[in-house]
Amino acid sequence: MIFVTVGSQEPFDRLIRAIDEWAGLRARADVFAQVAGSTYRAKHIEVTDFVDPSEFSRRVEGAAVVVAHAGMGSIISALELGKPIVVMPRRANLRETRNDHQVATAGRFGQQGRVIVAQDEQELGVKLDQAIALRRTHRINAEASSQLLTTIRAFLDESFCQQQSRIQVEPNARQRGGLRSY
Amino acid sequence: MKSIQKRGRLLAVASSGGHWVQLRRIAPAFAGFEIVYVTVLHSYRSQVPENRFYIVNDATRWNKLALVLLAMRLAWIIAKERPQVVVSTGAAPGYFALIFGQLFGAKTIWIDSMANIDHLSMSGSHVGKYADLWLTQWPHLARAEGPYYRGSVL
C-alpha cells in the first residue's frame with residue numbers, strides 16, 4: 001500500500017492530483033490518501049478527509065512508502081515506523097502555506113537522507129518509483145535526543161530542587177549559572 | 001496507575017501535527033510530574049488516556065477573534081490548574097500558555113518546532129521573555145541571549 005497524507009490543517013490538491021495520475025499510470029489500486037477536505041475528485045485512489053491517530057499509525061505501518069507534504073508530523077511519524085517517505089513541500093506563492101518553511105524542511109531533511117524530496121508534481125512520480133525500490137526497516141527511537149531530554153530534566157530538577165531522580169547537569173551549563181543558560 | 005510521588009503539575013501544550021508529535025517525543029523528560037495536556041484535536045486523547053486533557057481552538061495572527069478566544073481559554077485553564085511547569089512546542093496555544101503560566105508563577109519551557117529552520121516561528125520569537133528555558137532545535141538559530149540550542153527531538 002501507498003499511504004498519502006497532507007496533514008491536519010488544509011488540503012493540498014497539487015499533491016493529491018499528482019498521486020492520482022501516477023496511480024492511473026502505474027495501474028496501482030492500493031493507494032490510500034488522507035486529503036483534509038480536498039475538493040479534487042480522485043479517480044484512481046481511495047481518499048478520506050481525516051484519520052485518527054490510531055488509524056494513521058496503522059496506515060503508515062501497512063504502507064510500503066509514505067507520501068506527504070513536508071510537515072514535521074508526517075516526517076517524524078514515518079521515521080518512527082521506519083518507512084521510506086517522499087515529501088513534496090507546500091509553496092507560499094501557490095497559497096498552500098503562509099511561508100516556505102516546508103521548502104526549508106524538505107531541503108534539510110533531504111540533505112540528511114532522512115526523506116526523499118519531490119520538489120514539484122513533475123518530480124513526484126520518479127521519486128515515488130525510487131522510494132518503492134527502497135526497503136527501509138530502520139526505525140528511529142521514539143524519544144527526543146538525550147541531549148534535549150537531559151537539558152529539560154536538569155532544568156526541572158534545578159527549578160524544583162528535588163532529591164529524587166536528580167540528573168547530572170552538564171558541568172558547563174551549571175558553571176555559567178542561571179536557569180536561562182541551559 | 002502506579003503511585004509515584006508527584007513533583008507537581010505540568011501543563012504540556014501543543015497544536016496539531018508536528019507540534020503534537022514533537023511534544024510527545026519530549027514527554028519522557030516530564031517523569032514525576034502530573035502531566036495535563038492541552039491541544040487542538042479531540043482525536044489525540046486516545047494517545048494519552050491516563051492524562052487529563054483539554055481542547056482549545058487553534059488560531060493564527062490573521063484571525064484576531066480566534067486569538068482572543070484562545071487567550072481567554074488558556075487563561076482559564078491555567079487559573080484552574082495552577083501548574084508548576086508549562087511546556088510547549090508551539091504554536092499559538094503554547095504562546096498564550098507561557099504568558100499566563102509565568103503570570104501565575106509557573107516555570108516555563110518553549111521548544112521551537114523543528115519545522116522552523118530559516119527563522120524562529122512567529123510565536124517562538126516573541127515568547128522569549130516569557131520562557132525560563134527557551135530553545136530552538138537548530139544550532140544556526142541559537143543566539144547568546146536565547147534561544148539556546150540543546151539538541152532536537154530527533
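Select strand S1 (residues 2-5) and strand S2 (residues 31-34) of chain A: these two strands pair in the parallel sense over four bridges. Strands here are DSSP E runs of at least two residues, helices are DSSP H or I runs of at least four residues, and both are numbered from the N terminus. Two strands pair if DSSP finds at least two bridges between them. Within this pair, display A:Thr5, which stands opposite A:Gln34 in S2(A).

The model is predicted: local features need pLDDT of at least 70 and side-chain atom pairs count only at pLDDT 80 or more, while totals for chains, interfaces and linings use all residues. Residues are numbered from 1 along each chain as its sequence is written, and chains are lettered from A and ligands numbered from 1 in the order in which they are written.

**The sheet and the chain around it**

Extend the selection to the six strands of the open sheet in chain A, whose order is S3-S2-S1-S4-S5-S6 with parallel pairing. At its edges lie strand S3 (46-48) and strand S6 (116-117) of chain A, each paired on one side only. Colour the whole of chain A by element to see seven helices and six strands. From the N terminus on, the elements follow the succession β-α-β-β-α-β-α-β-α-β-α-α-α. Of the 182 residues of chain A, 40% count as buried, that is, with 20 or more other C-beta atoms within 10 Å of their own; exposed residues have 12 or fewer, partly exposed ones lie in between, and C-beta atoms are placed from the backbone.

**Two crossing helices**

Next, select helix H1 (residues 13-26) and helix H5 (residues 121-133) of chain A, whose axes come within 9 Å and cross at roughly 50°. Axes are lines fitted to C-alpha atoms, for helices over the stretch in contact, and angles run from 0 to 180 degrees between N-to-C directions. H1(A) and H5(A) are therefore oblique to each other; angles under 35 degrees count as roughly parallel, over 145 as roughly antiparallel, 65 to 115 as roughly perpendicular and the rest as oblique. Show A:Arg14, A:Ala18 and A:Trp22 of H1(A) together with A:Glu121, A:Leu124, A:Gly125 and A:Leu128 of H5(A), the residues that make the contact. Residues are in contact if their C-beta atoms, placed from the backbone, lie within 7 Å.

**A residue in helix H4**

Centre the view on A:Val103, in helix H4 of chain A. A:Val103 has 19 other C-beta atoms within 10 Å and is therefore partly exposed. Leaving aside residues up to four places away in sequence, A:Val103 touches A:Pro89 and A:Arg91. A:Arg59 is 44 residues from A:Val103 in sequence and 25 Å from it in space, C-alpha to C-alpha.

**Where the chains meet**

Now display both chains: 36 residues from chain A and 38 residues from chain B take part in the contact. On the chain A side, helix H2 (53-61), helix H3 (72-80), helix H4 (101-111) and helix H6 (146-160) each supply at least two residues. H6(A) gives the most to this side, with 10 residues.

**Across to chain B**

Finally, select the open sheet of chain B, in which seven strands have the order S3-S2-S1-S4-S5-S6-S7 with parallel pairing. Its edge strands are strand S3 (52-55) and strand S7 (148-149) of chain B. Strand S1 (residues 8-13) and strand S4 (residues 85-88) of chain B pair in the parallel sense over four bridges; B:Ala12 has B:Val87 in S4(B) as its bridge partner. Add helix H2 (residues 64-81) of chain B, which packs on the sheet, touches S1, strand S2 (33-39) and S3 of chain B, and has a direction at about 165° to that of S1(B).

Notes:
Contact = placed C-beta atoms within 7 Å.
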